[in-house]
Amino acid sequence: MNERFIYLIEKYFDGELTSEEKSEFDSLLLDENLKNEFEEQKRVKEVLNKMKLKNPSAEIWDRYWLGVYNKVERGLAWIAISIGVLILIVYGSIGAVESFLADTQTPGIVKLGISALVIGGLILLFSVIREKLFIGTRDKYKEVQR
Amino acid sequence: MIKKIINPKLSRSEKMAFERYVKANMKRAYYSAFGIIGSHDAAMELSQAAFIKAYRNFKSFDNTKNFFTWYYTILRNLCLNFIRDSKSKRTVTFDEQIEWKEDTNPADDIEKEELKKKLWESISQLEFEDREIITLKEFEGLSYKEISEVLDIPIGTVMSRLYYARKKLAKKLEVFK
């Protein structure tokens, strides 16, 4: 479609046509195809003008800011909880490994295997956390899915 | 990370300014999200999530610029992700959330009620970009210049996108054939 015609239609809908543009627009509308295009646009525009999106209740707006504020605050709470859980897991794992190694009944090979398992698990946990906290925050396109 | 969440670098006056921005823009934010994704709950959730992200990055906001323009970029990305996620889970649903304006309420007119349904159905079937531009212009009443700033495209492109979006809408609305 002619870009100039689109420009004039949009200005017409906004009531912003100058007198010169109005004459130009009227002369373009002498063309049957352009006239049909205009009529179609006008009908859609008219229906859209009569509609509005439903308005949620007043209480929803009253609670809106509080909702944002609470979520910001809860973000901090989740971080604190995660750190707490992490410290307890690491502390518990070290304690368990120490007492396990001190046990004289368990064969050395089993001790080695379980120790490697626990150390591997902790390294994996540390790696995932580091990725989430540091690498993720530096990726400026992280909001956009690929 | 923790610093980013609570954003302690924000002064008291900045936090108060942010609160004012939220209160001044929350309706527009909600309606913009709603027009794009068509679900009340999701629009409420995403518009608030976008404000939270805006809060965490509030230091990077240039307060000589329009807050909504800056905020809308964040909101748009969240909506796009939501749509992609929903599509992959095949759960895109559009609540019928339009109504006739008070002065044109045709409560007893079945034909017009049908038209309303058909219109919303057709809007729901449009591509994201078409639905977005129709929402911004026709429901949110943004000017061409504002839309151009919000979407970061030239005014001419705004006009042409609107034109073609309306044309697609007309095709979907059988009543106009």
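**Note on helix packing and chain contacts in a predicted model**

1. In this predicted model, α1(A) and α2(A) are oblique to each other, because angles that are neither roughly parallel, roughly antiparallel nor roughly perpendicular count as oblique. The angle at which the two helices pack is about 120°, and their axes lie 10 Å apart. Helix α1 spans residues 3-13 of chain A, and helix α2 spans residues 19-28 of chain A. The crossing of α1(A) and α2(A) is left-handed.

2. The residues that form this helix pair can be named on both sides. From α1(A) come A:Phe5, A:Leu8, A:Lys11 and A:Tyr12, which meet A:Glu21, A:Glu24, A:Phe25 and A:Leu28 of α2(A). By class, the contact of α1(A) with α2(A) comprises 5 nonpolar and 3 charged residues, with no polar ones.

3. Burial along α1(A) should be read together with its surroundings. A:Leu8, A:Ile9, A:Glu10 and A:Phe13 are the buried residues of this helix; A:Leu8 also takes part in the contact with α2(A). The cover over the buried residues of α1(A) draws on both chains, including α2 and α3 (32-50) of chain A and α7 (144-151) and α8 of chain B. Just after α1(A), A:Gly15 adopts a positive phi of about 65°.

4. The contact between the chains involves 43 residues of chain B and 34 residues of chain A. On the side of chain B that touches chain A, the elements giving two or more residues are α1 (2-6), α2 (12-37), α3 (40-56), α4 (67-88), β1 (98-100), α5 (110-125), α6 (128-139) and α8 (155-172). Of these, α8(B) gives the most, with 9 residues. This side of chain B has 23 nonpolar, 9 polar and 11 charged residues.

5. Within chain B, the domain assignment gives domain 1 (2-88) and domain 2 (102-176). Their contact takes 10 residues from domain 1 and 10 residues from domain 2. On the side of domain 1 of chain B that touches domain 2 of chain B, α2 and α4 of chain B each supply at least two residues. The largest share of that side, 5 residues, comes from α2(B). The residues on this side of domain 1 of chain B divide into 4 nonpolar, 5 polar and 1 charged.

6. Two elements of chain B recur in these points. Helix α8 of chain B helps to cover the buried residues of α1(A) and gives the most to the side of chain B that touches chain A. Helix α2 of chain B is among the elements that give two or more residues to the side touching chain A, and α2(B) also provides the largest share of the side of domain 1 that touches domain 2.

Definitions and conventions. Residues are numbered from 1 along each chain as its sequence is written. Chains are lettered from A and ligands numbered from 1 in the order in which they are written. This is a predicted model: local features need pLDDT of at least 70, side-chain atom pairs count only at pLDDT 80 or more; totals for chains, interfaces and linings use all residues. Axes are lines fitted to C-alpha atoms, for helices over the stretch in contact, and angles run from 0 to 180 degrees between N-to-C directions. Helices (H or I, at least four residues) and strands (E, at least two) are DSSP runs, numbered from the N terminus. Angles under 35 degrees count as roughly parallel, over 145 as roughly antiparallel, 65 to 115 as roughly perpendicular and the rest as oblique. A crossing is left-handed if the near helix is turned anticlockwise from the far one by less than a right angle, and right-handed if clockwise. Two residues are in contact if their C-beta atoms, placed from the backbone, lie within 7 Å. Ala, Val, Leu, Ile, Met, Phe, Trp, Tyr, Cys and Pro count as nonpolar, Asp, Glu, Lys and Arg as charged, and the others, Gly among them, as polar. Domain bounds come from an automatic or database domain assignment. A residue is buried if 20 or more other C-beta atoms lie within 10 Å of its own, exposed if 12 or fewer, and partly exposed in between; C-beta atoms are placed from the backbone.
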